[in-house]
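Q: Could you take a close look at one part of this model and walk me through it? I would like to follow the charged side chains and how they sit relative to the strands and the nonpolar core.

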Amino acid sequence: MTKTTTHIDTSAELLENDILPKIKEVHTDPDAQCASTGDLPSALTEPATKKSAAQWAYERIIMYIQNFEKQLDNNHEIGLGLAGSNAGVIRIEGLGYYDPDIITYYGVNEAGAKTQLIQHVSQLNVTLIASPKHIDQPEPTRIGFRLAAGLDRDADATT
């Protein structure tokens, strides 16, 4: 006869589990690569209540950027388009946040001009786009992997 053990969460564990971040994705293609596939970086398993809106948005955007880049071929790199805007596409070269509520994207627009988008988290609405890499560039730039390195940490994602 096997012995069965039952685990009962304390009220503190129930409260903590209720505020821990969750992610769910469903795609028409069953082989689509989901951002939620695999282990989340340590920064994304911490309760959102311990972070500013800007830091929490920043960390999740990094996860989406990295996942999007994993799906690109060597002729494309990630670009950013603003929903509802005619600003064009920005090739992402940097991402940051300013507590408590500002996200900023650094990059180059289609004309080659340096660009910086500053956005309030309540207005967060961007489109990730596969943009052709610059013709003089032997390999595409993959910023998502550099950004994500800061999410597997014991301290703040900005350090």
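A: What follows starts from the overall layout and then turns to the charged side chains, the strands around them and the core.

This is a predicted model, and its chain has three helices and five strands, which run α-α-β-β-β-β-β-α from the N terminus on. Of the 159 residues, 35% count as buried. Among contacts between residues at least 6 apart in sequence, 60% join residues at least 24 apart.

The charged pairs are a convenient place to begin, and the count of salt bridges comes to three. Glu77 and Arg91 meet through their side chains in a salt bridge at 2.9 Å, N to O. Because Glu77 lies in strand S1 and Arg91 in strand S2, this pair ties together parts that are 14 residues apart in sequence. Arg91 also meets Glu93 in a salt bridge, here at 3.5 Å, N to O, and Glu77, Arg91 and Glu93 are thereby linked in a network of salt bridges. The members of the network can be described by their accessibility: Glu77 counts as buried at 1% relative accessibility, Arg91 is partly exposed with a relative accessible area of 23%, and Glu93 counts as partly exposed at 39%. The remaining pair is Lys51 and Glu59, whose side chains meet at 2.4 Å, N to O; Lys51 is buried with a relative accessible area of 11%, and Glu59 is buried with a value of 0%.

Arg142 is a charged residue of another kind, placed in the loop between strand S5 (126-132) and helix H3 (143-149). Arg142 is buried yet has no salt bridge, and the nearest side chain of opposite charge, that of Glu69, is 5.1 Å away, which lies outside the limit of 4 Å for a salt bridge. Backbone oxygens are found by the side chain of Arg142 instead: that of Asp73 lies 2.9 Å from one of its polar atoms, and that of His76 lies 2.8 Å from a polar atom of the Arg142 side chain. Leaving out residues up to four places away in sequence, Arg142 touches Glu69, Leu72, Asp73, Asn74, His76 and Glu77, and Glu77 is also a member of the salt-bridge network.

The strands that carry the network are paired with one another. S1 and S2 run antiparallel and are joined by three bridges, with Val89 in S2 as the bridge partner of Gly81. S2 and S3 pair in the antiparallel sense over eight bridges, Gly96 stands opposite Thr104 in S3, and these two strands form a hairpin with three residues between them. Seven of the 10 residues of S2 are buried, so S2 is largely enclosed by the rest of the structure.

The strands also bear on the nonpolar core. Of the 24 residues in the largest nonpolar core, Tyr58, Ile62, Ile65, Leu95, Ile103, Tyr105 and Leu147 touch the most other members. Helix H2 (53-70), S1 (76-82), S2 (89-98), S3 (102-109) and H3 each supply at least two residues of this core, and H2 gives the most, with eight residues. Leu147, apart from its neighbours within four places in sequence, is in contact with Tyr58, Ile62, Ile65 and Leu95. In soluble globular proteins, nonpolar side chains tend to be buried together.

Note on methods
Residues are numbered from 1 along each chain as its sequence is written. This is a predicted model: local features need pLDDT of at least 70, side-chain atom pairs count only at pLDDT 80 or more; totals for chains, interfaces and linings use all residues. Side-chain values use heavy atoms; hydrogens and water are left out. Helices (H or I, at least four residues) and strands (E, at least two) are DSSP runs, numbered from the N terminus. Buried means under 20% relative accessible area, exposed over 50%, partly exposed in between (1.4 Å probe, protein chains only). Lys and Arg count as positive and Asp and Glu as negative; His and the chain ends are not counted. A polar contact is a pair of N or O atoms within 3.5 Å; within protein, one must be able to donate a hydrogen and the other to accept it, and residues adjacent in sequence count only if both atoms are side-chain atoms. Contact means heavy atoms within 4.5 Å. A nonpolar core is a set of buried Ala, Val, Leu, Ile, Met, Phe, Trp, Tyr and Cys residues joined through side-chain atoms within 4.5 Å. Two strands pair if DSSP finds at least two bridges between them.
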